Protein chains: 2
Amino acid sequence: MASDITAGLELDRALLDRTGTAERVAGVLRDRITEGFFPPGTRLSEEAIGAALGISRNTLREAFRLLSHERLLVHQLNRGVFVRVLTAEDVIDLYRVRRLVECAAVRQAKPADPDVLPALRDAVAEGELALREARWRDIGTANMRFHCAIGRLAGSPRVDELMGHVVAELRLVFHVMKNPRAFHEPYVARNREILGRLDAGDNAGAERLLATYLDDAEAQLLHAYSPPET
Amino acid sequence: MASDITAGLELDRALLDRTGTAERVAGVLRDRITEGFFPPGTRLSEEAIGAALGISRNTLREAFRLLSHERLLVHQLNRGVFVRVLTAEDVIDLYRVRRLVECAAVRQAKPADPDVLPALRDAVAEGELALREARWRDIGTANMRFHCAIGRLAGSPRVDELMGHVVAELRLVFHVMKNPRAFHEPYVARNREILGRLDAGDNAGAERLLATYLDDAEAQLLHAYSPPET
DNA sequence: GCATATTTGTCCGTATGTATA
DNA sequence: CTATACATACGGACAAATATG
């Protein structure tokens, strides 16, 4: 049954009610989607989920709107909302955006950005640790954190939000892939390499590595990616 | 009175109802906001607007939610929604994003992009025409269209959407400025100049012009910009 | 500082329209 | 083509928070 999705909601409800219910519900659903509990293509029934979470349909619809705007859900008129199924074109466009944003962020990064370099180091280290301990899923998560931190080199809240959405969409792609381990594994070392260039102040070199990184990842993803039919 | 905002809604309602009411209402409100009918800082009462548009509060709240996510409205818990008032930091960040995205789009543009070059030419010509005919507001609109077309050089739907949102936010800035004419006027010629470089295949030159363009505009904007207190 | 009025947050019941078996 | 299931949109209700005097 889908009643497990209420886990942890009651507690939040009790304390710190400074946020609306719709946002909170959206947060719960967002987690369930990005962790694969609701695979791409799943229809999210208003009635079922509303009943499971103990909220009204009005409130739930507001949460759906939020997630639709983040591109995690698609809204078909009079048919309901579905967990997004990304096409190959989506993957291509996502990597177009990543190339544009991440490369530009690296290029214009100040030599010693005291704020995000630690975040980059943490992400790389965490990826390496997850690799040693064979926690394959965590490798992907660390990877995402690394590239979000890359985006943060731009020093722009709006770019940060954009990267967050891009990463969330990429997770949808990963969930319809058969072997996420083979995909994420080789990039741990390459992240370390990029970090090295950034540490040395060699932004141009880092950008070049990042560009080929993204090209490779996109090609590999498109090859291994088989989008389920609608 | 605020009942004029229903203009054009009834007709749409009759034909082509392929879009939900919330989206349609959001469209109406978006127009009213970007055209300055609802200036930044205005509180949008659920009851008043719902009555004026003849829709229920639940539906209106969905429209509010959509516009909040586009950053045109801000939602304060138990206080309602307000037309966004941008701070100087917002202006700075918007130009950070523009520099990053527009410059990158220009840099990686293919020499002869047959799709967007006409759009760029149209926007420049329209700006020059509006300048000759002293339609100051239209100069700003043409300006926006030019830079949206610049973004389209990236060939990415997601970048297009990002630029659309950035431009919508910039309109909020312009509405709290005292003299929009003096601001927009000088940039008509500079747009023509950038277009010339792109036409000649000189992407690097175009990018350089664009960068100084954005630096100048940001500085001028920050100087002339006095955000109203909350 | 207090009491009142207003407005939002949330939920419910229902009628209508739409898609699908 | 009919029937069923579901989303859409409305209106009303009440609690909670906020604004006002």
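**Group meeting: two protein chains and two DNA strands**

Let's start inside chain A, where the axes of helix α7 (residues 136-152) and helix α8 (157-175) come within 9 Å and cross at roughly 155°. An angle over 145 degrees counts as roughly antiparallel, so α7(A) is roughly antiparallel to α8(A). The crossing of these two helices is right-handed. One thing to keep in mind as you look at the screen: this is a predicted model.

Which residues make that contact? On α7(A) you can find A:G140, A:M144, A:H147, A:C148, A:G151 and A:R152, and they meet A:V159, A:D160, A:M163, A:G164, A:V167 and A:F174 on α8(A). By class, the contact of α7(A) with α8(A) has six nonpolar, four polar and two charged residues.

Now step back along the chain to helix α6(A), residues 117-132. Helix α6(A) packs against α7(A) at an angle of about 165°, with the axes 8 Å apart. These two are therefore roughly antiparallel to each other as well. Their crossing is left-handed, whereas α7(A) passes α8(A) in a right-handed one. From α6(A), the residues in this contact are A:A119, A:L120, A:A123, A:V124, A:E126, A:G127, A:A130 and A:L131. They meet A:D138, A:I139, A:A142, A:N143, A:R145, A:F146, A:A149 and A:R152 of α7(A). Sorted by class, the contact of α6(A) with α7(A) comes out as ten nonpolar, two polar and four charged residues. If you want a residue to click on, try A:R152, which is listed in the contact with α8(A) and in the contact with α6(A).

Next, how do the two protein chains meet? On chain A, 22 residues are in contact with 22 residues of chain B. The elements of chain A that give two or more residues to this side are α4 (57-69), α5 (88-107) and α8 (157-175). So α8(A), our starting helix, turns up here again. The chain A side of the interface holds ten nonpolar, five polar and seven charged residues.

Let's zoom in on one part of that meeting, the pair of α4 helices. The axes of α4(A) and α4(B) come within 10 Å and cross at roughly 25°. That angle makes α4(A) roughly parallel to α4(B), and the crossing is right-handed. From chain A come A:N58, A:R61, A:E62, A:R65, A:L66 and A:H69, and they meet B:N58, B:R61, B:E62, B:R65, B:L66 and B:H69 of chain B. What classes do the residues of the contact of α4(A) with α4(B) divide into? There are two nonpolar, four polar and six charged residues.

On to the strands. In chain B, three strands form an open, antiparallel sheet in the order β1-β3-β2. Strands β1 (43-44) and β2 (73-76) of chain B stand at the edges with a single partner strand each, so one side of each has no neighbour in the sheet. Strand β2(B) pairs with β3(B), residues 80-83, in the antiparallel sense over four bridges. One of the partnerships to look for is B:H75 with B:V81. Helix α4(B) packs on this sheet, touching β2 and β3 of chain B, and its direction makes about 115° with that of β2(B).

In chain A, β2 (residues 73-76) and β3 (residues 80-83) pair in the antiparallel sense over four bridges. Here A:L73 has A:V83 as its bridge partner. The two strands form a hairpin with three residues between them, and A:N78 in the turn has a positive phi of about 65°.

Finally, the DNA. Which residues come nearest to DNA strand C? Of the 17 around it, the nearest are A:T21, A:S56, A:T59, B:E46 and B:G80. Helices α2 (21-34) and α4 of chain A, together with α3 (46-53) of chain B, each supply at least two residues of the surface near strand C. That surface has three nonpolar, ten polar and four charged residues.

DNA strand D also has 17 residues around it, and A:G80, B:G20, B:T21, B:T59 and B:N78 come nearest. Here α3 (46-53) of chain A and α2 (21-34) and α4 of chain B each give at least two residues to the nearby surface. By class, the surface near strand D has three nonpolar, nine polar and five charged residues.

Thanks for listening, and I'm happy to go back to any of these views.

Notes:
Residues are numbered from 1 along each chain as its sequence is written. Chains are lettered from A and ligands numbered from 1 in the order in which they are written. This is a predicted model: local features need pLDDT of at least 70, side-chain atom pairs count only at pLDDT 80 or more; totals for chains, interfaces and linings use all residues. Two residues are in contact if their C-beta atoms, placed from the backbone, lie within 7 Å. Ala, Val, Leu, Ile, Met, Phe, Trp, Tyr, Cys and Pro count as nonpolar, Asp, Glu, Lys and Arg as charged, and the others, Gly among them, as polar. Two strands pair if DSSP finds at least two bridges between them. Axes are lines fitted to C-alpha atoms, for helices over the stretch in contact, and angles run from 0 to 180 degrees between N-to-C directions. A residue is near a molecule or strand if its C-beta atom, placed from the backbone, lies within 6 Å of it. Angles under 35 degrees count as roughly parallel, over 145 as roughly antiparallel, 65 to 115 as roughly perpendicular and the rest as oblique. A crossing is left-handed if the near helix is turned anticlockwise from the far one by less than a right angle, and right-handed if clockwise.
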